[in-house]
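Please look at the model below, and then follow the packing of its side chains from the interior outwards.

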Amino acid sequence: MCNNRTPECSDEHPLLDQAVLGLMIDADSQRPWSEAEITRMVSTPGSVPASLKRLRTAGLIHRWNDLVSAAQPAVRFHQLTQSGDLASAAERGQDRSVLELLIVSANDGKRLVSEEDIFEECGATDKEKRLPILDAFARLDASGLIERRGGRAIASEAARYFDHAMTL
């Protein structure tokens, strides 16, 4: 078994985190899992306890002693990118667009992005077009996927880690 602090195992970390998180965010599997159950279910090499620690630090899981479950930011991010519910497609699309812009900005080294910049990027020139974007900001903030401060926003650590781990 690899020690997660060794460089030769570093390529396995994201794959293991992806497998562990994928198990917990599956719609049919959203329940508390024991560490032993996860270890049995995941065939990716690496240390499951270390993966759980990384996911907890990123805010993507909750842990109670030996039990773990997906946190709201992980479940919501998965819903935004995978859900096929047509009733909320427009809302999900708006949320996903705003979140993607913030993740790209964070990956480009920009810390906080102004809401005005997002309006401009989305072509929202008047109040009517800005309201759905403001609603997306509120939903994303409530689910823990973004943080807002004084008219500026940034993708949360949970959103950035989830995006990195699940888009390998």
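**Packing around isoleucine 38 and beyond**

Isoleucine 38 touches Val20, Leu23, Met24, Trp33, Val48, Leu52 and Val68, leaving aside residues up to four places away in sequence, where contact means heavy atoms within 4.5 Å. This is a predicted model, in which local features need pLDDT of at least 70 and side-chain atom pairs count only at pLDDT 80 or more, while totals for chains, interfaces and linings use all residues. Residues are numbered from 1 along each chain as its sequence is written, and side-chain values use heavy atoms, without hydrogens and water.

The largest nonpolar core (buried Ala, Val, Leu, Ile, Met, Phe, Trp, Tyr and Cys residues joined through side-chain atoms within 4.5 Å) has 40 residues, of which Met24, Ile38, Leu99 and Leu102 touch the most other members. Helix α1 (residues 12-25) gives the most to this core, with 6 residues; helices here are DSSP runs of H or I with at least four residues, numbered from the N terminus.

In helix α8 (residues 157-166), the buried residues, those under 20% relative accessible area with a 1.4 Å probe and protein chains only, are Ala158, Ala159, Phe162 and Ala165. Because they cover an arc of only 140° around the axis, they lie on the same side of α8, the arc being that of the directions from the helix axis to the C-beta atoms.

Phenylalanine 162, at 3% relative accessibility, pairs with phenylalanine 77, and since the ring centres are 4.5 Å apart and the planes at 35°, the pair is tilted (centres within 6.5 Å; under 30 degrees is stacked, over 60 edge-to-face, the rest tilted). The pair links helix α4 (residues 72-82) with helix α8, 85 residues apart in the chain.

Methods:
Buried means under 20% relative accessible area, exposed over 50%, partly exposed in between (1.4 Å probe, protein chains only). Helices (H or I, at least four residues) and strands (E, at least two) are DSSP runs, numbered from the N terminus. Rings of Phe, Tyr and Trp (its six-membered ring) pair if their centres lie within 6.5 Å; planes under 30 degrees apart count as stacked, over 60 as edge-to-face and the rest as tilted.
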